[in-house]
Amino acid sequence: MMPSQETIFPDPDVTCADCAACCCRLDVTLLTETGVPDRFIEVDEFGAQYMVHLPDGWCAALDRGTMKCTIYENRPLVCREFVMGDYECLFERAANP
Ligand code: SF4
Ligand code: SF4
């Protein structure tokens, strides 16, 4: 679904229940300490920390069976600030039909 010019954000008709966790395919930089387990964190040569992604493209912390976050209470700030139904959400849903 591509947002139209008339779309009001966040779109109240959008729900994660019918989405294949599209936003969990995005690169997630760890900007604050939220308690993400070390096994889900990779560190680049500059010391920046990111969520590990598996070869299927999704974040390593995503439950492939339920398509829900297994570390929801400790999810990174970037994930907390991603708004369901907002422009970026609709963009990712359209890009991953
Ligand atoms: S926030 Fe948007 S892109 Fe992410 S799972 Fe929910 S509906 Fe899908
Ligand atoms: S930490 Fe959770 S919410 Fe964030 S990308 Fe990974 S699975 Fe999705």
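Strands are taken here as DSSP runs of at least two residues in state E and helices as runs of at least four residues in state H or I, both numbered from the N terminus. On this basis Pro10, in the predicted model described here, is placed in the segment before strand 1, which covers residues 41-43. The protein chain as a whole comes to two helices and four strands, and from the N terminus on its elements follow the order β-β-β-β-α-α.

Along its principal axes, the C-alpha trace of the protein chain spans about 45 × 30 × 25 Å. Of its 97 residues, 18% count as buried. Among contacts in the protein chain with a separation of 6 or more, 64% are accounted for by residues 24 or more positions apart.

The largest nonpolar core has 14 residues, of which Met51, Cys59 and Ala61 touch the most other members. For Ala61, when residues up to four places away in sequence are not counted, the residues touched are Phe40, Met51, Cys69, Thr70 and Ile71. In soluble globular proteins, nonpolar side chains tend to be buried together.

Several of these residues recur around ligand 2, which is surrounded by Cys24, Val28, Met51, Cys59, Ala61, Leu62, Cys69, Ile71, Arg75, Pro76 and Cys79. By class, this shell has 10 nonpolar residues, no polar residues and one charged residue. Met51, Cys59 and Ala61 are thus named both in the shell of ligand 2 and as the members of the largest nonpolar core that touch the most others.

Around ligand 1, the surrounding residues are Val14, Cys16, Cys19, Ala21, Cys22, Cys23, Phe82, Met84, Cys89, Glu92 and Arg93. The shell of ligand 1 has nine nonpolar, no polar and two charged residues. Cys89 and Arg93, which belong to this shell, are also among the buried residues of helix 2 (residues 87-95), where Leu90 is buried as well. These three residues lie on the same side of helix 2, because they cover an arc of only 95° around the axis.

Phe91 likewise lies in helix 2, but this residue counts as partly exposed, because 15 C-beta neighbours are found inside 10 Å and a buried residue would need 20 or more. Phe91 and Cys23 are 68 residues apart in sequence, whereas their C-alpha atoms are 9.6 Å apart in space. Cys23 is itself one of the residues around ligand 1.

Some features of the backbone geometry also deserve mention. Most residues other than glycine have a negative phi, and most peptide bonds are trans. The peptide bond from Phe9 to Pro10, by contrast, is cis, with omega near -5°. Ala21, which lies in the segment before strand 1 and is one of the residues around ligand 1, has a positive phi of about 50° although it is not a glycine. Ala21 counts as partly exposed, because it has 18 C-beta neighbours inside 10 Å. A positive phi, near 60°, is also found for Met67, likewise a residue other than glycine. Met67 is placed in the loop between strand 3 (62-63) and strand 4 (68-69), and it is partly exposed, with 15 other C-beta atoms within 10 Å.

Definitions and conventions:
Residues numbered from 1 in each chain as written. Chains lettered and ligands numbered in written order. Predicted model: local features only at pLDDT ≥ 70, side-chain atom pairs only at ≥ 80, totals over all residues. Near = placed C-beta within 6 Å. Nonpolar A, V, L, I, M, F, W, Y, C, P; charged D, E, K, R; others polar. Buried ≥ 20, exposed ≤ 12 C-beta atoms within 10 Å, placed from the backbone. Contact = placed C-beta atoms within 7 Å. Core = buried A, V, L, I, M, F, W, Y, C linked by C-beta atoms within 7 Å. Arc of directions from axis to C-beta.
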